[in-house]
Amino acid sequence: MVRRKVIAVASALTVGALALSGCGATNSGNGESGGSDVGSDNVNTKWADCTPGHGSKDTTSMKVDGKKDITIGAFNGWDESFATAGIMKNVLEKDGYKVTIKGFDAGPGYAGLVAGDIDLLTDGWLPVTHADYVKRYGDKMENLGCWYDNAKLTIAVNKDSKARTIGDLKTMGDEYDNTLYGIEAGAGLTKATKDSAIPKYGLKNLNFKISSTPAMLAQLKKSTSAGQDIAVTLWRPHWAYGAFPVRDLKDPKKAMGNAEVIYSFGRPGFEQDFPKVAQLVRNMAFDDNKLSDLEDTMFSADKYGGKNQEKAVEEWISRNNDWVDKLKTGQLAEK
């Protein structure tokens, strides 16, 4: 149950590139990375420098677009894809549009976008994960800005524990039962932890327990519910940050890599056909708290568990009308 984008992390770290994000925990996960040499030149480092919501404007006085039918592509197994697509569907349909969300693996998704079969993608990971796709299709896609800038691999602990950095686990390991709970053996997150974080911070004292994403999450739930200290490998964005009292350990040696930025892309001619929708997409910006809360509502087993996604989104919006108002008026961008 690991998304392939986390598998690509290892190659990115090996060539010294920026690290990718983690993997989705709630779906079977067929999202593809850009290729075996993904991100080897990072496309262009300009993609790493983007402020979420940059170029925001008030859309409330804009006319509804003449065209109304929109297809949004979401990457199978990538929770944030369906979360952001679901938000857009909800907001746009209340404004008279007809929105269809279709799941794709990343490769077919980008190909479908430039072919015009898909109107919008909201999950472009740069400058590493989707570097090959941008090299291949970048001149044909319309860049609609970024909405999140903290996509990264992490080692996390319960909020009330003492460790502050990954290196603290070397001397405080006994407080965490000398165990670091991991996910699948083939995941890039696992390889990055084993080949980079553990040797760089000298964590041979820890039992790196490699198992599965569901098993890691089950242990995280069990330990935090019991008030016990726990250390796990994790990634952002992920609903676990909203579901459990966890926080990331600081990584001064950058052993887990740097954060990536998530962009939205439109098909050729998208903004000309849908100027109001294009602006609304540019207005979108998520911080960690809002995004993890949305994903928690939609995907955690204790809530909707990935089912009835439209209902889950509607429930989240009912608690976050202020966020939707700011989306429409262009006030979500960092000031």
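In this predicted model, the charged end of Arg236 is placed over the ring of Tyr241, at 3.7 Å from the centre of that ring. Arg236 is also joined to Pro237 through a cis peptide bond, for which omega is about 0°, and Pro237 itself belongs to the loop between strand E7 (231–236) and H9. A second cis peptide bond leads from Leu126 to Pro127, with omega near 15°, and here the proline is located in the loop between E3 and helix H5 (131–137).

Strand E3, which comprises residues 120–126, is mostly covered, since 7 of its 7 residues are buried, that is, under 20% relative accessible area. On the side of E1, the two strands run parallel and are joined by 2 bridges, and Ile72 stands opposite Leu120 in E3. Towards E9 the arrangement is antiparallel, with 5 bridges joining E3 to that strand; Trp125 has Ile262 in E9 as its bridge partner. As a general matter, the side chains of a regular strand alternate between the two faces of the sheet.

Aromatic side chains form a further theme of the model, in which 15 aromatic pairs are found. In one of these pairs, the ring centres of Trp47 and Tyr263 are 4.9 Å apart and the planes stand at 80°, so the geometry is edge-to-face. Because Trp47 lies in the loop between helix H2 (9–14) and strand E1 (69–75), whereas Tyr263 lies in strand E9 (residues 260–266), this pair ties together parts that are 216 residues apart in sequence. Both Trp47 and Tyr263 are buried. Another pair, made by Tyr110 and Phe265, is tilted, with 6.4 Å from centre to centre and 55° between the planes. Tyr110 is contributed by helix H4 (residues 106–115) and Phe265 by strand E9, so that parts 155 residues apart in sequence are tied together by this contact. Tyr110 counts as buried because its relative accessibility is 1%, and Phe265, with a relative accessible area of 2%, is likewise buried. The residues of these two pairs belong to one aromatic cluster, which is formed by Trp47, Phe75, Trp78, Tyr110, Trp125, Tyr133, Tyr263 and Phe265.

Helix H12 (residues 288–299) was examined for its length and its surroundings. At 1.5 Å a residue, its 12 residues should span 16 Å, and the end C-alpha atoms are indeed 16 Å apart, so the expected and modelled spans agree. At the start of H12, a side-chain oxygen of Asp287 reaches to within 3.3 Å of the backbone nitrogen of Asn289. The buried residues of the helix are Leu291, Ser292, Leu294, Glu295, Asp296, Thr297, Met298 and Phe299, and these buried residues pack against helix H3 (79–93), strand E4 (142–158), helix H9 (240–243) and helix H13 (309–319).

Two loop residues, finally, have backbone angles that deserve mention. Asp177, in the loop between helix H6 (169–172) and strand E5 (179–181), has a phi near 60°, a positive value in a residue other than glycine; with a relative accessibility of 56%, Asp177 counts as exposed. Lys254, which is located in the loop between strand E8 (246–248) and E9, also has a positive phi without being glycine, the value being near 55°.

Terms used. Residues are numbered from 1 along each chain as its sequence is written. This is a predicted model: local features need pLDDT of at least 70, side-chain atom pairs count only at pLDDT 80 or more; totals for chains, interfaces and linings use all residues. Side-chain values use heavy atoms; hydrogens and water are left out. Helices (H or I, at least four residues) and strands (E, at least two) are DSSP runs, numbered from the N terminus. The expected span of a helix is 1.5 Å times one less than its number of residues. Buried means under 20% relative accessible area, exposed over 50%, partly exposed in between (1.4 Å probe, protein chains only). Contact means heavy atoms within 4.5 Å. A polar contact is a pair of N or O atoms within 3.5 Å; within protein, one must be able to donate a hydrogen and the other to accept it, and residues adjacent in sequence count only if both atoms are side-chain atoms. Rings of Phe, Tyr and Trp (its six-membered ring) pair if their centres lie within 6.5 Å; planes under 30 degrees apart count as stacked, over 60 as edge-to-face and the rest as tilted. A charge sits over a ring if NZ of Lys or CZ of Arg is within 6 Å of the ring centre and within 35 degrees of the ring normal. Two strands pair if DSSP finds at least two bridges between them.
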